[in-house]
Amino acid sequence: MEKNIQPYSVLIADDSNDIRMVWRRRVEKLGFKKIEAVEDGAAAVAKARSSMPHLIILDFVMPGMDGLEALKQIRVFHPAAVIVVASSVAERGKIVEIKDAKADFYFLKTATQEKFFETISKAVSLLQ
């Protein structure tokens with residue numbers, strides 16, 4: 001990335017610890033320093049409310065509150081956040097739901113590392 005992204009903070013929400021660790025390493029590679037990670041949608045909403053991160057990466061399917069509901073709630077109090085939703089589901093209906101809930105970007109969890117970097121790079125461009 002060309003721009004300095006160190007001032008921007010990231011919140012990662014996924015119920016898989018392995019995925020949280022992989023995504024954390026990837027955003028660190030991009031230069032992010034302020035990174036928090038939580039395990040479900042309710043924790044994502046609470047953390048977003050308390051820390052107001054610039055970029056939020058949400059898993060679509062999580063136990064309890066899913067990523068879609070978390071997205072809707074976060075948009076109410078933090079409309080400036082850039083929100084990326086990741087899912088293992090590629091159903092057109094789900095993608096439409098995600099877009100209708102005002103996600104900025106969407107990617108498949110099975111996407112390559114390059115696709116992850118491409119999506120996050122696009123998200124960062126909205127911050128700058």
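Buried means under 20% relative accessible area, exposed over 50%, and partly exposed in between, with a 1.4 Å probe and protein chains only. This is a predicted model, where local features need pLDDT of at least 70, side-chain atom pairs count only at pLDDT 80 or more, and totals for chains, interfaces and linings use all residues. Residues are numbered from 1 along each chain as its sequence is written, and side-chain values use heavy atoms, with hydrogens and water left out.

**View 1. Met52, a non-glycine residue with a positive phi.** Met52 sits in the loop between α2 and β3; helices (H or I, at least four residues) and strands (E, at least two) are DSSP runs, numbered from the N terminus. Its phi is about 45°. Most residues other than glycine have a negative phi. With a relative accessible area of 35%, Met52 is partly exposed.

**View 2. Ser9 and its surroundings.** Ser9 belongs to strand β1 and is buried, at 13% relative accessible area. Skip the residues up to four places away in sequence, and Ser9 touches Lys34, Met52, Pro53, His54 and Leu55; contact here means heavy atoms within 4.5 Å. So the Met52 of the previous view turns up again, this time as a contact of buried Ser9.

**View 3. The open sheet of 5 strands.** Read across, the order is β2-β1-β3-β4-β5, and the pairing is parallel; two strands pair if DSSP finds at least two bridges between them. β2 (34-38) and β5 (105-108) stand at the edges with a single partner strand each, so one side of each has no neighbour in the sheet. From one strand to the next, the twist averages 15°; axes are lines fitted to C-alpha atoms, for helices over the stretch in contact, and angles run from 0 to 180 degrees between N-to-C directions. Over at the β5 edge, 4 bridges join that strand to β4 (residues 82-87), and Ala86 stands opposite Phe107 in β5. Helix α3 (residues 67-77) packs on the sheet, touching β3 (55-59) and β4, and its direction makes about 155° with that of β3.

**View 4. Two helices, α2 and α3, side by side.** The axes of the pair come within 9 Å and cross at roughly 15°. That makes α2 roughly parallel to α3, since angles under 35 degrees count as roughly parallel, over 145 as roughly antiparallel, 65 to 115 as roughly perpendicular and the rest as oblique. On the α2 side the contact is made by Gly41, Ala44, Val45, Ala48 and Arg49, and on the α3 side by Ala70, Gln73, Ile74 and Phe77.

**View 5. The largest nonpolar core, with 23 residues.** A nonpolar core is a set of buried Ala, Val, Leu, Ile, Met, Phe, Trp, Tyr and Cys residues joined through side-chain atoms within 4.5 Å. Ile56, Leu58, Leu71, Ile74, Ile83 and Val85 touch the most other members. At least two residues each come from β1 (9-13), α2 (41-51), β3, α3 and β4, and α3 gives the most, with 5. Leaving aside neighbours within four places in sequence, Leu58 has contacts that include Ala13, Ala44, Leu71, Ile83 and Val85. Apart from this core lies another, of 22 residues, among them Tyr8, Leu30, Val82 and Val84.

**View 6. Lys102, another positive phi outside glycine.** Lys102 lies in the loop between α4 (92-100) and β5, with phi near 75°. At 56% relative accessibility, Lys102 counts as exposed.
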